[in-house]
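Work through the exercises below with the sequence and the model open. Try each task before reading its solution.

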Amino acid sequence: MTRADIIVVAFTLALLPFLYGTFWNRQGPADTALIIDESGREFSVPLDSGQQLRIDGPLGVSVLEIADGRIRFLDSPCRGKQCIHSGWLDESGEFAACLPNRVSVAVSGGEPLYDSINF
Amino acid sequence: MALVAVLPLLTLSCSETPPPQQHHKTQFMALGTLVTVSLWGVDEDDAAEAVRTVEDELNRIHKTWHAWQPSTLTEINAALAAGKTYSADPPTLALLRKAQDLAHRSGQLFDPAIGKLVALWGFQSDDRPDAPPPARADIERLLANLPDMNDLVISGDSLSSTNRDLKLDLGGFAKGYAVDQAIERLRALGIDNAIVNAGGDLRAIGAHGERPWRIGIRDPQSAGVIATVDTQGDESVFTSGNYERFFTWDGVRYHHIIDPRTGYPATGTVSATVIHRDASTADAAATALLIAGPGKWRRVARDMGVTQVMLIDEDMHVTMTPEMEQRVYFRTETPPQVTVSEP
């Protein structure tokens with residue numbers, strides 16, 4: 001084995017964890033939330049900072065909380081509160097929506113574990 | 001030698017990662033829910049046209065079949081309630097015939113004729129009023145003369161009813177029908193690899209490049225995923241769950257899937273998942289199987305011709321058909337207790 005061979009093999013081995021992580025060990029954690037409001041406007045928000053977002057809808061204001069790399073509906077003017085019951089979203093591909101207030105949140109990032117979620 | 005070591009990795013990276021423009025995922029609100037269209041192997045302009053086509057089609061269906069906002073369906077219901085006939089166009093007749101057939105095969109557990117009962121429970125609204133469940137006497141009054149789809153008479157192009165209480169509500173079926181129509185539109189545009197997901201229920205055709213489309217099935221007790229399934233060719237994955245729409249009154253939870261036998265929300269099964277080719281059948285079957293519950297689901301599955309079924313009960317016990325068991329991989333740290341049973 002020549003010196004060049006050794007260098008290339010070492011480079012290849014060094015690359016393995018990256019390739020494994022990227023292509024085989026599909027990571028689920030999300031890093032971005034896509035929020036759609038009643039008018040269809042889209043907001044892309046990173047999940048790496050703690051903050052609260054207030055999104056206007058036909059019923060009032062939906063409050064979204066971002067903390068620890070995840071997002072949830074914290075407060076909602078709808079009656080059923082099913083958006084709040086959806087809890088935290090942190091895995092790529094998950095989403096929650098307040099249909100009465102026409103606000104939806106989907107989280108994504110990295111390589112999603114799933115192409116689509118059935119529920 | 002070094003090249004031999006590097007090449008497989010480069011080949012791997014090429015085969016596993018399509019160029020970014022090959023995978024398009026677009027979300028929009030339609031059918032009163034969030035719709036996601038995933039496309040693979042389509043260029044950007046074609047993808048944009050495809051999404052527009054799907055959105056237009058879903059909006060058209062939503063306006064036609066809305067159960068409580070002015071629509072073709074509310075016109076039909078008004079005519080039938082007045083004892084009149086209604087002249088329907090061929091697509092409307094085809095859809096109602098399909099609903100009638102599925103209702104018949106489900107033993108009327110999938111019963112789109114009970115719109116009055118659904119309305120009595122307050123579920124014919126975007127945001128149910130903060131109100132108690134209906135009085136037992138009111139439920140029993142409707143049950144005494146409860147319509148089913150056999151009361152809908154389709155003769156030529158005219159619709160009539162033998163029961164004035166018949167009020168159509170296609171909530172357990174319209175989404176499946178809409179997803180089927182959306183997939184047809186995509187195919188007409190030459191798209192062979194796609195998923196149309198309407199509020200969690202989906203039909204997938206083709207594949208994601210070299211690998212199948214991978215679907216996560218949501219855990220009925222959390223926002224996470226309980227299991228995964230890879231679709232094969234052309235399949236719909238539909239789940240009816242008692243967690244989708246509900247209200248709580250005096251500490252009791254009431255969900256939106258009403259059992260036409262009792263007039264109350266179905267009990268015994270928390271979620272019913274069906275994999276089947278067409279979405280309309282999968283949608284109606286998932287509803288009927290959730291209502292049928294642990295005791296009667298087998299017969300309903302047989303009669304509706306669905307062979308891939310998964311039911312989850314309140315204790316998170318899973319019952320699956322052998323064909324479904326071959327497809328589903330659980331992702332929870334502790335796999336649930338599973339019973340495999342022929343339908």
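**Exercise 1.** Find how β3(B) runs relative to β5(B), parallel or antiparallel, and how many bridges join them.

Solution. This is a predicted model. Step one: count the bridges, and 2 join β3(B) to β5(B). Step two: read the direction, which is antiparallel. Step three: pick a pair. B:Ser87 has B:Ser158 of β5(B) as its bridge partner.

**Exercise 2.** Determine how β4(B) pairs with β5(B) and what links the two strands.

Solution. Start with the pairing: strand β4 (residues 152-155) of chain B and β5(B) are antiparallel, with 4 bridges. One partner pair is B:Leu152 with B:Ser161 of β5(B). Now the link: β4(B) and β5(B) make a hairpin, with 2 residues between them. Check the turn: B:Gly156 has a positive phi of about 60 degrees.

**Exercise 3.** Sort the residues of strand β5 (residues 158-161) of chain B by face, covered or uncovered.

Solution. Take the covered face: B:Leu159 and B:Ser161. Then take the uncovered face: B:Ser158 and B:Ser160. Combine with the pairing. B:Ser158, on the uncovered face, is the bridge partner of B:Ser87. B:Ser161, on the covered face, is the partner of B:Leu152.

**Exercise 4.** Which elements of chain B have the lowest and the highest mean pLDDT?

Solution. Begin with the whole chain: mean pLDDT is 91, and 94% of residues reach 70 or more. Next, the extremes: helix α1 (residues 2-16) of chain B is lowest at 43, and strand β3 (residues 86-87) of chain B is highest at 98. Then the stretch: residues 1-18 of chain B stay under 50. Where pLDDT is low, predicted coordinates should not be read in detail. Last, the complex: ipTM is 0.85 and pTM is 0.80.

Key: Residues numbered from 1 in each chain as written. Chains lettered and ligands numbered in written order. Predicted model: local features only at pLDDT ≥ 70, side-chain atom pairs only at ≥ 80, totals over all residues. pLDDT = per-residue confidence, 0-100. Contact = placed C-beta atoms within 7 Å. Buried ≥ 20, exposed ≤ 12 C-beta atoms within 10 Å, placed from the backbone. Pairing = 2+ DSSP bridges.
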